[in-house]
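Please look over the model and its sequence below. A short report on selected features follows.

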Amino acid sequence: MIAEIGRFLIALALLACVAQTFLSWRGADQGGRSGAARAGAAAAEIAVVAAGFAFLLLIISFVRSDFSIAYVATNSHVDKPLLYKISGTWGGHEGSMLLWCWILVLFGLGLARIGPRDPALRARAVSFQGLLSSLFFAFLAFASNPFERILPAPIQGADLNPILQDPLLAIHPPMLYVGYVGLSAAFAIAAAGLMQKSGGRELAAALRPWALGAWISLTGGIALGAWWAYYELGWGGWWFWDPVENASFMPWLLGAALVHSAIATEKRGAFPGWTVFLALIAYILSILGAFLVRSGVLTSVHAFALDPERGMWILGMLGVSAVAGFALFALRAGSLGEGDGFEPTSREAFIGVNNLLLAVTAGVVLIGTLYPLFVDLMGWPMISVGPPYFDASATPLLIVAAALMPVAAFLPWANGGAKPGLKQMRAAFLLVPVAGAIIAFIAFGAPVLAVVAGGVGAWALCGAAMDVGVHWRAAKARAARFSVMGRALAHAGVGFIALGAAADASRPPDINRALAPGESLVIAGHTLTLEGVRRADGQNYMADRATIRVDGRAAVSPERRYYPGADQTTREVGLRSDWRGDLYVSVGEARLREDGEMVYELRAAYHPLVWMLGFGAFLVVAGGGLALTGRLMSGAPARVRGRSDAPAEAAAPSEAAEARA
Amino acid sequence: MTKARRRLWITAAAGAVLIIAAALAVTAMRDAMVFFYSPAMVAENPPPPGQRVRVGGLVVAGSVERPASGGANFTVTDGSAEIRILYAGALPDLFREGQGIVAEGAFDEEFRFTASTVLAKHDETYMPPEVARALRESGYWQEEGGDPTPVSSLDGADAAGSSAR
Amino acid sequence: MIIFTLVCMTIGAAAAIWLARPLLQESGAARLIGIAAGAFLALGALGAYFVNGMPDAPGAPYQPRMEALRAADPETLTPAEQEAWLRDAVRRDPRDIEARRLLGRFLAATQRELEAIAHFEQAIRVSPQARLFNDLGQTIVTLNEGVVTPEAQRAFTTAHAEDPAMPEPAFFLGAAAYEAGDRAAAAAFWGGIITRLDEDDPYREAIASRAADLLSRPSMGGADPAALTEGAERPDVEAMIDGMIARLETRLEADPADISGWLTLARARMMQDDPAGAADALARGRAALPGDPAARALISALGAAFGLEETDA
């Protein structure tokens, strides 16, 4: 019965989203303060509660191992640890789609509560968000229902893909989805603004916090995914330019462009059309990402449920969203207005160039990702486009963008003049550590691109430090200090990521060799000695654990696990990290030598300064968080204004609920 | 600066960046594009030695050999021809006999294929798209109600778990 | 079904009221819209539910299902249910070696040797019994496609030491010795087990005939004479067999206790279409090993396989 109630709740949420779309639309027509607008907000509440309970019921079904639900049967097993029973709820297509939908309606409710200050704009945005949610809930209810039954129920489940049985994978998808789906709020506000003929500045101010929040979350989600790929897939890579990764990288690039261009639009009214266009297309690329990941049209190293029929659904949703957004844009972009003028050496100009570079990079990635698909559709000889393409096209563009980044913080708005800025930045002085970094990378025999990236990374770090040094004291207000600190941290994060990527690209070649107990191999000056291999079984797997001494001292213990429920083998990597880098060992298949001696295949790698990648991503997230806090504190905290602006009735339902409770 | 001049500036900058990006993308694509060959295509019209290509097919049951020095060698088939693949790296965990895989690498003068990457994925219904297309074209594999199964009796999957020991 | 209907109706009605409330507070057209929206929400949800809904389908959580299974007659269970039953027993009492052993055998019989081995090993940790070591060894042999690996050999050695009367460990230890080229040790293992088993034990005959077959194969060069006869010139094969017999005779002269030698000699004679010579070889072997019942059993088994009468030299 739990499953059937869950199905009913999904149906209810779908209908609530439809009601939200129409009621809020009417509410917006009536100025946004009418009963219809409030009913639209109530519909958003119903959708949130219904989808939330459906999600809860699905978790309960996982915990109780109810294999009469097809989704549970294909993604769970009685012997799976409780944590992974719970995280398995969003480990497959249907469950993760439910999570996606729930986050969509949560953002819908968020817009209804703390959305744009103008009530008509807010109601219109809630209506557009309702439309986007309705599309996905229809897909969920009719083509991806997690409560689909199989009768008679199988006695045992097929288990969750073991590479997904990892603590990081419990939080990576929700974070990523908040990022993907959060961009829908920016889309909804942008579309609503075009509909309402709002001014560009007002619109940028309204959508920037949402875009920033979503982009922070997307950054964190991508970083966690890269980290997971680094230690769980056992190949030692953290970024493969794989279609699934590109699917998240394209909205990230456009999101990065959006959070910057929105500043210029909000503060100076510059490029309003471009900002709105970015807000629309960032979410459309999110849906495109979902299509690439879930339809199985491309070969990827990451796993997901794959089904061409679902692909058609997602393509349909993509089409509806894109047509609605772009048609509105074509008809109404003129009403956004023109900003004040600016010089080519002003901050606006630099933000513009940064936007151009980020957007063009996204385009280049898009071409590389979709071209094989296009070739396949045309029936030409099949091709694949791998990392060499992206390294030669996207990476140089990103390096240029990162090189310009530190300067922008020192340029004045409007009437530029690069010289005072560079002087204030003490640019000439900063070139010393930059040259040091470049020389160090050359000395380590790094490839050309890595030397350049290393220099740019050092440049960005120094620039960020100088940014704090110069602007912290100048910023008197607390909100302004948050903004300065947020900007500097995020930019320093980019510097760390560039340095880490450059260091990783210049690492020594990996070693793959079979060793018998007692034998050694040498990598990056470290001697790894295989001491022995013994059994170390877990709750739902069997494992061989190798003990490997590093330089005769500390040991690392990589494992090779076999999960009988899923009938699949995985590796657990042995890592020894310090500030210089990671020693990375994984153990492969055992084999026999001629003389009958058992040997184990070891894969050893050394990743210098790899922590900088994770730390850099953390700084970007932290910096984004500070900037968001500063933005909410300064001028127009949306929450406070929203409360005071909205009539008393708007808050009535929740107060009534509290009173009743 | 006047509005017109600003427009000119923006257009010029955008045009320059776009041209550079397009040039980068086109040259990179020409160098980095990797063609896919099924075993039948290799038998018919092999790629020149040394050229980076992708090959793929079903791993022939019992063909996997694991040299004591490390790495693994195996044979893939599309039903009409076979390719022997030499691989010095660690096979992906999802690799197994009877399963569709894709390998990237190059042929040498003696037509041995040395792979630098092997992609495999285990999902009962999953088949790398290029492999699926090659198999469909060879008539070796048919889709039956969306549940693709090899038509032949290549059921080496049972033995696959043995690799854990 | 009734409860489900009531639950859904309650939820639907509550949602409809919550949705319509802000509109009902207004007047005129808004009220109508409110009522319509509420009805649309509740009825629409019900309609969307029934597109694929199965209101009658009961849930099947694992625990209650297992309880039902435990109460059921084991005879009526399907193999999948039997497996679930055994897993459940092991999960509830990890020290229940009986259930664990049955589960291990079930898994071994369904090509899941790795898991079976893990269960046998765990059972051995609870109670190191000969039959568990035996099961373990056999599963390792199956996993390695018939090869008695060192690991399997260790398991069989332990099992054999614990319970020398158990036929399988001795047989596989003999097989391991045979594979390693130690025919004397193989004959000792096989002979030992043959003498320990009752005359009418089906294992006895099976092991004896298999052992006799293996031990009587010519060992030099590893070449199978049967394979050589194909294609090769007849005189060459004849000459080869003659040479082999001559060498065997010399060897047996020096070491008459070589049971494998006698068996090979008999087999070679049979290949020359010389049953009398074969019978003679067997008889001489029997005479050369008077106090060895195992050797006698092996010789009888080979004689039976060749259809020869038992005679004493």
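Into which domains is chain C divided? The model is predicted, and the domain assignment splits chain C into domain 1 (2-46), domain 2 (82-145) and domain 3 (164-313).

**Domains 2 and 3 of chain C**

Domain 2 of chain C meets domain 3 of chain C through 5 residues on the domain 2 side and 4 residues on the domain 3 side. Together the two domains bury about 350 Å². Carbon and sulfur atoms account for 76% of that area. On the domain 2 side, C:Asn134, C:Gln138 and C:Val141 lose the most area to domain 3. These three residues make up 83% of what that side buries. How many salt bridges are there between domain 2 and domain 3 of chain C? The count is 0.

**Chain B as a whole**

Chain B has 165 residues, and 50% of them are buried. Its secondary structure comes to 3 helices and 8 strands. Along the sequence the order is α-β-α-β-β-β-β-β-α-β-β. Take the contacts in chain B between residues at least 6 apart in sequence: 53% of them join residues at least 24 apart. The accessible surface of chain B is about 7,800 Å². Carbon and sulfur atoms hold 55% of this surface.

**Backbone geometry in chain A**

Most residues other than glycine have a negative phi, and most peptide bonds are trans. Three sites in chain A are set out here against that background.

| Site | Backbone value |
|---|---|
| A:Leu151 and A:Pro152 | cis peptide bond, omega about -5° |
| A:Phe271 | positive phi, about 30° |
| A:Ala524 | positive phi, about 50° |

Where do these sites lie? A:Pro152 is in the loop between helix 6 (119-143) and helix 7 (167-196) of chain A. A:Phe271 sits in the loop between helix 9 (243-268) and helix 10 (272-295) of chain A. A:Ala524 belongs to the loop between strand 3 (520-523) and strand 4 (526-535) of chain A.

Is A:Phe271 buried or exposed? A:Phe271 counts as buried because its relative accessible area is 18%, and the cut-off for buried is under 20%. A:Ala524 has 40% relative accessibility, so this residue counts as partly exposed. Neither A:Phe271 nor A:Ala524 is a glycine.

**A surface patch and a buried serine in chain A**

Which residues form a nonpolar patch on the surface? They are A:Val49, A:Phe53, A:Leu56 and A:Ile60. Together they have about 340 Å² of accessible area. A:Phe53 lies in helix 2 (residues 35-63) of chain A. Its relative accessibility is 47%, so A:Phe53 counts as partly exposed. The range for that label runs from 20% to 50%.

A:Ser24 is part of helix 1 (residues 2-29) of chain A. Why does A:Ser24 count as buried? Its relative accessible area is 1%, and buried means under 20%. Which residues does A:Ser24 touch, leaving out those up to four places away in sequence? The contacts are A:Ala19, A:Ala36, A:Gly40, A:Ala123, A:Val126 and A:Ser127.

Notes:
Residues numbered from 1 in each chain as written. Chains lettered and ligands numbered in written order. Predicted model: local features only at pLDDT ≥ 70, side-chain atom pairs only at ≥ 80, totals over all residues. Heavy atoms only, no water. Patch = residues over 30% accessible without salt bridge, like charges linked within 9 Å, V, L, I, M, F, W, Y side chains within 5 Å. Areas by Shrake-Rupley, 256 points an atom, 1.4 Å probe, with all protein chains shown as cover. Salt bridge = Lys/Arg side-chain N within 4 Å of Asp/Glu carboxyl O. Helix = DSSP H or I, 4+ residues; strand = E, 2+ residues; numbered from the N terminus. Buried < 20%, exposed > 50% of the residue type's maximum accessible area, 1.4 Å probe, protein only. Domains from an automatic or database assignment. Contact = heavy atoms within 4.5 Å. Buried area = accessible area lost by both parts, 1.4 Å probe.
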